[in-house]
Each structure stands twice: as structure tokens, then as C-alpha cells.
Amino acid sequence: MSELPISSPYRSKPAEPVSDDERDRLSRRLNAAFTDGALNQEEYQSRLDRLFAAQKLGELVPVVEGLPPLQTYDSPAIVDTGSGRPGELTEARSSNRIALIVVGAVIGVVALIAILLVLIIAV
């Protein structure tokens, strides 16, 4: 049983041909895994041989299984707000402004209803 998710193109589209771009991407992943020590020389060479012999995406399952996962996000930007020291939390915002807006809106609606009732009763 493959450890790859069903959403992986190697499992979801196993009959599709292997493109040159896919070979390039996988060879870079294999190179990185070998450089980082995740693959030994024998495993690295074996996977490269399979990569370049494969004709269909499904044949690449043994090549990608066990490789370190791809980073699927960018490193977050660090924004310096200039307040506080690193690791300190800022104070919570006051909810007074929101409360004032809600109370003002309720008073406005009540006043409008009162004016409309006065106009209806006067007619």
C-alpha cells in the first residue's frame, strides 16, 4: 500500500505520461534528499534510474515515497511593529468603540421607529 495521498498525481493519474518538467522537479528533490543525507548513495542511484526509466506517473511512486515532504508555503514575513520586545504580546484592543457603535445604532433605530409611530398616529 502506498503512503502517498490519493490526491498525489502519481496515484490519482497513474496512466499519464511523465513530462520533462516532472523529471526535473523530482531529480531536484532527489538531489536535495541525497545532499541532506535522507538517501544513501545506493538508494539515490536506484531512484534516479527509476525516474529516468519511468514512462507513466504511476511508475514514479517508488521514487517519491519516503522523500522529505515538499514545502508548500512561503516563509512568513516578519513585520516589526516597533512596539514591545520579541515574544511579548500586545495589549488587547478595547471593545468600547464597538459597544458605542452598537448602542448608537440601537438608539437610532428606536428613535426612527418612534418618529414613524408619531407620524402614523398623527395621520
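In the predicted model, Ser-27 is placed in helix H2, which spans residues 20–35. With a relative accessible area of 14%, Ser-27 falls below the 20% limit and is therefore classed as buried. A polar atom of the Ser-27 side chain lies 2.9 Å from the backbone oxygen of Asp-24, and, when residues up to four places away in sequence are left aside, Ser-27 touches Leu-51 and Phe-52.

Helix H2 also contributes to an aromatic pair, Phe-34 being located in this helix. A search of the whole structure returns one such pair, in which the ring centres of Phe-34 and Tyr-44 are 4.4 Å apart and the ring planes meet at 15°, so that the arrangement counts as stacked. Because Phe-34 belongs to helix H2 and Tyr-44 to helix H3 (residues 41–53), the pair ties together parts that are ten residues apart in sequence. The two partners are assigned to separate accessibility classes: Phe-34 is partly exposed at a relative accessible area of 29%, whereas Tyr-44, at 13%, is buried.

For the protein as a whole, the secondary structure consists of five helices and zero strands, with the elements following the order α-α-α-α-α from the N terminus. Of its 123 residues, 18% are counted as buried, and the accessible surface amounts to about 10,100 Å², 60% of which belongs to carbon and sulfur atoms. Among the contacts between residues at least 6 apart in sequence, 61% join residues that are at least 24 apart.

Conventions. Residues are numbered from 1 along each chain as its sequence is written. This is a predicted model: local features need pLDDT of at least 70, side-chain atom pairs count only at pLDDT 80 or more; totals for chains, interfaces and linings use all residues. Side-chain values use heavy atoms; hydrogens and water are left out. Helices (H or I, at least four residues) and strands (E, at least two) are DSSP runs, numbered from the N terminus. Buried means under 20% relative accessible area, exposed over 50%, partly exposed in between (1.4 Å probe, protein chains only). A polar contact is a pair of N or O atoms within 3.5 Å; within protein, one must be able to donate a hydrogen and the other to accept it, and residues adjacent in sequence count only if both atoms are side-chain atoms. Contact means heavy atoms within 4.5 Å. Rings of Phe, Tyr and Trp (its six-membered ring) pair if their centres lie within 6.5 Å; planes under 30 degrees apart count as stacked, over 60 as edge-to-face and the rest as tilted. Accessible areas come from the Shrake-Rupley method with a 1.4 Å probe; for residues, only the protein chains shown count as cover.
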